[in-house]
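Student: I would like to learn how to read the pockets and the ligand site of a model. Could we work through one together?

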Amino acid sequence: MASTPTATPEPKSNRIGLNVIDYRGGKTTLCAGCGHNAISERIVDAMFEMGVKPEHVIKMSGIGCSSKSPAYFMSRSHSFNSVHGRMPSVTTGAVLANQHLMALGVSGDGDSASIGIGQFVHLMRRNLPMIYIIEDNGVYGLTKGQFSATADLGSKLKTGVVNDLPPIDTCALAIQLGASFVGRSFSGDKRQLFAMLKAAIAHKGTVMLDVISPCVTFNDHEGSTKSYKFMKDHDEPLHDITFVPSFENIDVDYDPGTTLDVTMHDGSHLRLKKLNEDHDPTDKLKALALLHEAHDKGEALTGIFYIDPKKPSFLDLLNMTDKPLATLPESVVRPPKSVLDEIMADLR
Ligand SMILES: Cc1ncc(C[n+]2csc(CCOP(=O)(O)OP(=O)(O)O)c2C)c(N)n1
Ligand code: SF4
Ligand SMILES: [Mg+2]
């Protein structure tokens with residue numbers, strides 16, 4: 001008897017008709033098990049589920065294993081692998097040149113908190129619309145595992161060398177300086193990171209996500225505070241995060257006694273169900289206090305520490321055209337001679 005052919009199920013497509021494969025990138029050349037690979041996978045999932053057009057995304061990075069990772073997701077997007085620690089200024093230029101693109105920056109703890117700290121702080125105070133991810137392993141993975149500025153005091157290198165400097169908490173810095181969405185996650189926590197990335201895509205302003213991302217080759221041993229084991233034992237999620245995008249029905253039951261609802265600028269909802277701590281992420285001072293306390297207790301606190309969905313972004317403050325600059329005609333970008341003459345007269 002002839003067998004009936006079984007139909008291959010159609011791959012699931014998203015709200016703009018693309019399949020998850022349309023969001024994938026090149027084959028990774030990072031070490032097997034590197035946390036950065038898991039973050040790339042979550043970015044693919046979140047962009048797919050949110051129905052972001054890949055061609056509307058600019059992937060920006062600096063230098064490091066982390067900064068290589070944009071090559072491993074969303075091949076159809078634009079990409080610029082800049083200079084070590086200089087991704088913020090290059091991204092600022094790109095966003096100003098075309099406000100319609102979604103900027104996704106991927107950096108490392110060395111790239112952001114060591115060589116790039118000067119650029120990082122100025123980016124945070126501007127609240128430029130972009131998603132800024134620090135793939136945080138506490139070391140310079142690409143140059144063979146030296147401590148970075150996020151390594152905890154007393155943590156140990158593989159060689160036994162002890163870190164005798166206190167860490168920079170990039171989340172506390174970002175909150176203090178003006179970023180409007182700040183959180184920390186762990187590359188091994190698929191669910192939390194996925195929800196945070198989806199919310200990040202809906203946010204308008206700087207999203208700074210510090211994602212603990214273990215370096216299996218140089219910083220995954222006993223004595224490291226950025227290892228898989230340490231995170232498994234010390235990860236303290238603040239809340240259970242559910243993200244309800246504006247294009248979905250939001251009539252999902254939740255208990256306002258245990259769950260905080262934050263409405264985002266586009267009408268999406270963030271539902272934060274408290275776990276251990278009762279934290280209101282719209283309270284900046286409490287967010288900073290929480291991070292200080294967690295630091296003193298040696299806890300690896302994760303979750304959304306701070307969010308201000310209404311804060312004006314850098315683009316709102318600049319009062320510039322929202323048209324891509326490359327499309328402006330010469331008559332608009334080139335002042336007439338009379339204007340130049342006026343300026344010259346003023347300088348006399
Ligand atoms: C101007 C400059 N200084 C130093 C280096 C050497 N270098 C390359 S990557 C790197 C550190 C990368 O660390 P991180 O950003 O944490 O990325 P990871 O490799 O850990 O993901 C350094 C110091 C460089 N490429 N350019
Ligand atoms: S050296 Fe470390 S950070 Fe770099 S790819 Fe390997 S595991 Fe990842
Ligand atoms: Mg690093």
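Student: Happy to start with a pocket lining. How do its residues divide by class in the second largest pocket?

Tutor: Keep in mind that this is a predicted model. The general idea is to sort the lining residues by class, then look at where they come from. Here the lining of the second largest pocket has ten nonpolar, five polar and seven charged residues. Asp152, Arg184, Lys226, His295 and Glu299 lie nearest its centre, and the pocket has a volume of about 390 Å³.

Student: Which element gives the largest share of that lining?

Tutor: That is α9, with three residues. β8, α8 and β13 also supply at least two residues each.

Student: And how do I read the largest pocket?

Tutor: Take the same steps. Its volume is about 580 Å³, and 29 residues line it, with Leu101, Met102, Ile201, His203 and His265 nearest the centre. By class they divide into 14 nonpolar, ten polar and five charged. α7 gives the most, three residues.

Student: Now the ligand. Which residues are closest to ligand 1?

Tutor: Begin with the shell, then turn to polar contacts. Of the 17 residues around ligand 1, the closest are Cys65, Ser66, Gly110, Asp111 and Gly141. α4 gives the most to this shell, with three residues. An oxygen atom of ligand 1 is 2.7 Å from an N or O atom in the side chain of Ser66. For the backbone, a ligand oxygen is 2.7 Å from a polar atom of Asp111, and one is 2.9 Å from a polar atom of Leu142.

Student: How much of ligand 1 does the protein cover?

Tutor: The protein covers 74% of the 590 Å² of accessible area that ligand 1 has on its own.

Note on methods
Residues are numbered from 1 along each chain as its sequence is written. Chains are lettered from A and ligands numbered from 1 in the order in which they are written. This is a predicted model: local features need pLDDT of at least 70, side-chain atom pairs count only at pLDDT 80 or more; totals for chains, interfaces and linings use all residues. Side-chain values use heavy atoms; hydrogens and water are left out. A residue is near a molecule or strand if one of its heavy atoms lies within 4 Å of it. A polar contact is a pair of N or O atoms within 3.5 Å; within protein, one must be able to donate a hydrogen and the other to accept it, and residues adjacent in sequence count only if both atoms are side-chain atoms. Accessible areas come from the Shrake-Rupley method with a 1.4 Å probe; for residues, only the protein chains shown count as cover. Helices (H or I, at least four residues) and strands (E, at least two) are DSSP runs, numbered from the N terminus. On a 1 Å grid over the protein atoms alone, a cavity is a set of points where a 1.4 Å probe fits but cannot get out, and a pocket is an open set with protein on both sides within 12 Å along at least five of seven lines; lining residues have an atom within 4 Å of a point. Grid points are joined across faces, edges and corners, and a volume is the space filled by probe spheres set on the points. Ala, Val, Leu, Ile, Met, Phe, Trp, Tyr, Cys and Pro count as nonpolar, Asp, Glu, Lys and Arg as charged, and the others, Gly among them, as polar.
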